[in-house]
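Subject: A structure for you to look at

Hello,

I am handing over the structure we talked about, with the sequence alongside. Have a look at it first, and then read on.

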Amino acid sequence: MSVTRSWQDCCGISVLTLAAVLLAITGAEAQRGGRGRGAQEDLPPANPGGPIYHAPTPVMDISGAWWTESYSPKIQIIGGGDLPYNDKGKAEYARNIAALKTGSLKDEARHLCVPDGLPRMLGNPYPFQIIQTPGQIAIVYELNHVIRIIPMDKSLPSAHELEVAPYYSGHSVAHWEGDTLVIQSAGFNDKTFLDATGAPHSDALTTVERVRKQNDTTLEDVITVNDAEMFTRPWSARFVYDLHPEVRIEDYVCGEKHRDISKVKGVVVPR
């Protein structure tokens, strides 16, 4: 007697019958949308082997060309006042201001066209474009050709990776919380200023941005900065942008004549 025959006699069911039952269960589950325990309703299936991505709803669609409403060379923090530097930060800031005046320190973002870093780049007076694609968001800044690639399906790199490979713009990842895109960034180098006045930071800098549409044509980015080596407490700044569907990002050549930004409130055009 075969093993299959003995199993049928014992359990009273054939292999073919069992297969039919399983097929029926699978079909019923498919008709219900596959919504078993822990399943997410009303979402299309993920791309097998690819990034987790679902087309953004209208409030999550932040793609397009955006342009700041106003510009300030000195970063304006929420609540007003000066940046809350500790003694080390105050001393370094004073040295930077003096050295920039004498020319012994160069603003490399304007001298060599390196990235502005955060949060300075958020307040620059040139337009930028947000591109939403499966698994990531890309922010393309016209100024200095800076591109931020922000994964939506990954965690921040390990502390070791952040330490050995610091970036001007840091390493960033993001996720949605309702209608708000939350961008976490760490792993910065200390070669950038926080604004155009020479405000310093250390490589311990971390930031969290909360980006959301206030309406169909207005976007805000509230960034919270934490750097215990330089500041007595975390602090935040808010940036607001208008949608400009007519604008196309242009080429940018450091130090040469470029797009007219005189219409941006706060911009002083050299005479």
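Below is what was found, starting with the sheet, then one loop residue, then the cavities.

Please keep in mind that this is a predicted model.

**The sheet**

Strands of a sheet pair through backbone hydrogen bonds, either parallel or antiparallel. Here you will find an open sheet of nine strands, with antiparallel pairing. Going across the sheet, the strands come in the order 4-3-2-1-9-8-7-6-5. The edges are strand 4 (147–151) and strand 5 (171–177), each of which pairs on one side only. On average, neighbouring strands of this sheet are turned by 25° against each other, direction ignored.

For a closer view, try strand 1 (residues 64–68) and strand 2 (residues 128–133), which run antiparallel and are joined by three bridges. Which residue of strand 2 is the bridge partner of Gly64? The partner is Ile130.

**A loop residue**

Next, find Asn144, in the loop between strand 3 (136–141) and strand 4. Is Asn144 buried or exposed? Its relative accessible area is 9%, and because buried means under 20%, Asn144 counts as buried. Leaving aside its neighbours within four places in sequence, Asn144 is in contact with Ala109, Arg110, Cys113, Val114, Asp116 and Tyr252.

**The cavities**

Rolling a probe the size of a water molecule over the atoms shows where empty space is left. In this structure there are two cavities of 30 Å³ or more.

The largest cavity has a volume of about 90 Å³. Its lining is made of 15 residues, and Phe128, Ile130, Ile139, Val211 and Asp221 lie nearest its centre. You met Ile130 above as the bridge partner of Gly64. Strand 2, strand 3, strand 6 (180–186), strand 7 (206–215) and strand 8 (218–226) each give two or more residues to this lining. Which strand gives the most? That is strand 3, with three residues. By class, the lining of the largest cavity has twelve nonpolar residues, three charged ones and no polar ones.

The second largest cavity has a volume of about 30 Å³. Lining it are Asp116, Met121, Asn124, Tyr141, Leu143 and Val146. Four of these residues are nonpolar, one is polar and one is charged. Asp116 links two parts of this tour, as a residue that lines the second largest cavity and is in contact with Asn144.

Enjoy exploring, and write back with any questions.

Best wishes

How values were computed: Residues are numbered from 1 along each chain as its sequence is written. This is a predicted model: local features need pLDDT of at least 70, side-chain atom pairs count only at pLDDT 80 or more; totals for chains, interfaces and linings use all residues. Side-chain values use heavy atoms; hydrogens and water are left out. Two strands pair if DSSP finds at least two bridges between them. Helices (H or I, at least four residues) and strands (E, at least two) are DSSP runs, numbered from the N terminus. Axes are lines fitted to C-alpha atoms, for helices over the stretch in contact, and angles run from 0 to 180 degrees between N-to-C directions. Buried means under 20% relative accessible area, exposed over 50%, partly exposed in between (1.4 Å probe, protein chains only). Contact means heavy atoms within 4.5 Å. On a 1 Å grid over the protein atoms alone, a cavity is a set of points where a 1.4 Å probe fits but cannot get out, and a pocket is an open set with protein on both sides within 12 Å along at least five of seven lines; lining residues have an atom within 4 Å of a point. Grid points are joined across faces, edges and corners, and a volume is the space filled by probe spheres set on the points. Ala, Val, Leu, Ile, Met, Phe, Trp, Tyr, Cys and Pro count as nonpolar, Asp, Glu, Lys and Arg as charged, and the others, Gly among them, as polar.
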